[in-house]
2 protein chains.
Amino acid sequence: MLSNSSKYAIKGVLYLALNSDEDHKVMVRDMHGVVHVPEAYLAKLLQELSRHGVISSTRGPKGGFFLSKEDRKRSLMDIVKVIDGEKRVKSCVLGVKDCDTDQPCVLHKLVGANKSKFIKVLENTTILDLIEGKRDVEEFFPV
Amino acid sequence: MLSNSSKYAIKGVLYLALNSDEDHKVMVRDMHGVVHVPEAYLAKLLQELSRHGVISSTRGPKGGFFLSKEDRKRSLMDIVKVIDGEKRVKSCVLGVKDCDTDQPCVLHKLVGANKSKFIKVLENTTILDLIEGKRDVEEFFPV
DNA sequence: CATAAAAAGGATAAAAATGTCTTTTAATCT
DNA sequence: AGATTAAAAGACATTTTTATCCTTTTTATG
Ligand code: FES
Ligand code: FES
């Protein structure tokens, strides 16, 4: 459903949500160990997210990636859309076509409801929702 | 969640459920067009399923793949386990570890229930369940 | 302005998934 | 028995995903 890259990206953004803001940017070098994602690869993913305006970044000394107030209101789907594309996550359990069309597949009535519920979660859950009240970083990044 | 290969395999087995029995075996050549899976690749997947006893086959003239009475009682999960492995489908939304452990991830409470419901469907739905009453082959194999 | 720090970008590499082809084995039919 | 047929097996090819490396551009700061 979600690619590995999307999982990585989500974890990266969660880290930023917990550890960064406009005044405290964080370098990939300092976060890749905690979220268990290869440094260069995580950098690529975050750059992609930044390029699409899902997260923020500045270059140079004191630079790094961070989440602005606005960024925190982004949904998980915003991340997934950039990395995997919407099509991938919404595709039918049995094929490539979009789910919920006029011609549902055999499995649709069995799993379709679950799938669209999952998508709703991605769409309706913001970064802020996930981190509110939490500061115990480690629990966020299981191996 | 499910690999493309698993989807192919499920579609192949569904075709066999609708079009084969002990006395009417079917060759890959005759089915790959209907289920929209490359011939040689489908052959490989079916061979794998047969090797693991999920479906049946015999070689030579009048040979082919088919589902025995027993085979029809197999669950979707039996197919997925052979092709993808159980780990892959059960893994956590955010990582590689198994879901539902003592240390659930941040997303678990949001999506975990959906995921385990999906797995339950795979485990509890048999081939027979899917085809009962149906003979309209085409609706089963959307593009 | 010089310098160093950091992301951005691009090229490349490695691994996994997907797909094809050829040879071997087993069943059936003359 | 011999010819034919079809799956089984395995080698090979392609594509996609995942991952690394190196150069360039931008920016803060002394
Ligand atoms: S159409 Fe196949 S899961 Fe919805
Ligand atoms: S532990 Fe991550 S989804 Fe269950």
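The exercises below work through a predicted model of a structure with chains A and B.

**Exercise 1. Describe the fold of chain A: which elements does it hold, and in what order?**

Step 1. Counting the elements of secondary structure in chain A gives seven helices and two strands.
Step 2. Reading along the sequence, these elements follow the pattern α-α-α-β-β-α-α-α-α, with strand 1 at residues 56–58 and strand 2 at residues 64–66.
Step 3. For the overall dimensions, the C-alpha trace of chain A spans about 55 × 30 × 30 Å along its principal axes.
Step 4. Of the 143 residues of chain A, 54% count as buried, and among the contacts with a separation of 6 or more, 64% join residues that are 24 or more positions apart.

**Exercise 2. Determine what rotation and what shift superpose chain A on chain B, and name the relation.**

Step 1. The superposition of chain A on chain B takes a rotation of 180 degrees, with 0.0 Å of shift along the axis, and leaves an RMSD of 0.1 Å.
Step 2. This is therefore the relation of a two-fold axis.
Step 3. The same surface serves both copies, as 97% of the contact residues of chain A recur in chain B.
Step 4. To place the axis, look for Met1(A), whose C-alpha lies 2.2 Å from the rotation axis and comes closest to it of the residues of chain A.

**Exercise 3. Work out how helix 3 and helix 4 of chain A are oriented to each other, and which residues meet between them.**

Step 1. The axes of helix 3 (residues 39–51) and helix 4 (residues 76–83) of chain A come within 10 Å and cross at roughly 110 degrees.
Step 2. Angles of 65 to 115 degrees count as roughly perpendicular, and so helix 3 and helix 4 of chain A are roughly perpendicular to each other.
Step 3. On the side of helix 3, the residues in the contact are Leu45(A), Glu48(A) and Leu49(A), and these meet Ile79(A), Val82(A) and Ile83(A) in helix 4.
Step 4. Sorted by character, the residues of this contact divide into five nonpolar, no polar and one charged.
Step 5. As background to the spacing, residues three or four places apart in an α-helix point the same way, because there are 3.6 residues a turn.

**Exercise 4. Turn to chain B and establish how many residues of helix 4 are buried, and what covers them.**

Step 1. Seven of the eight residues of helix 4 (residues 76–83) of chain B are buried, which leaves the helix mostly covered.
Step 2. The buried residues are Leu76(B), Met77(B), Asp78(B), Ile79(B), Val80(B), Val82(B) and Ile83(B).
Step 3. Their cover includes helix 1 (4–19), helix 3 (39–51), helix 5 (86–90), helix 6 (108–124) and helix 7 (127–131) of chain B.
Step 4. Just after helix 4 of chain B, Gly85(B) takes a positive phi of about 85 degrees.

**Exercise 5. For His36(A) and Lys62(A), state where each residue lies and what its phi is.**

Step 1. His36(A) lies in the loop between helix 2 (28–35) and helix 3 of chain A, and its phi is near 60 degrees, a positive value in a residue other than glycine.
Step 2. With a relative accessible area of 38%, His36(A) is partly exposed.
Step 3. Lys62(A), in the loop between strand 1 and strand 2 of chain A, has a positive phi of about 65 degrees although it is not a glycine.
Step 4. The relative accessibility of Lys62(A) is 80%, so this residue counts as exposed.

Technical notes: Residues numbered from 1 in each chain as written. Chains lettered and ligands numbered in written order. Predicted model: local features only at pLDDT ≥ 70, side-chain atom pairs only at ≥ 80, totals over all residues. Heavy atoms only, no water. Least-squares fit on C-alpha atoms with pLDDT ≥ 70 in both. Contact = heavy atoms within 4.5 Å. Axes fitted to C-alpha atoms, helices over the stretch in contact; angles between N-to-C directions. Helix = DSSP H or I, 4+ residues; strand = E, 2+ residues; numbered from the N terminus. Parallel < 35°, antiparallel > 145°, perpendicular 65-115°, else oblique. Nonpolar A, V, L, I, M, F, W, Y, C, P; charged D, E, K, R; others polar. Buried < 20%, exposed > 50% of the residue type's maximum accessible area, 1.4 Å probe, protein only.
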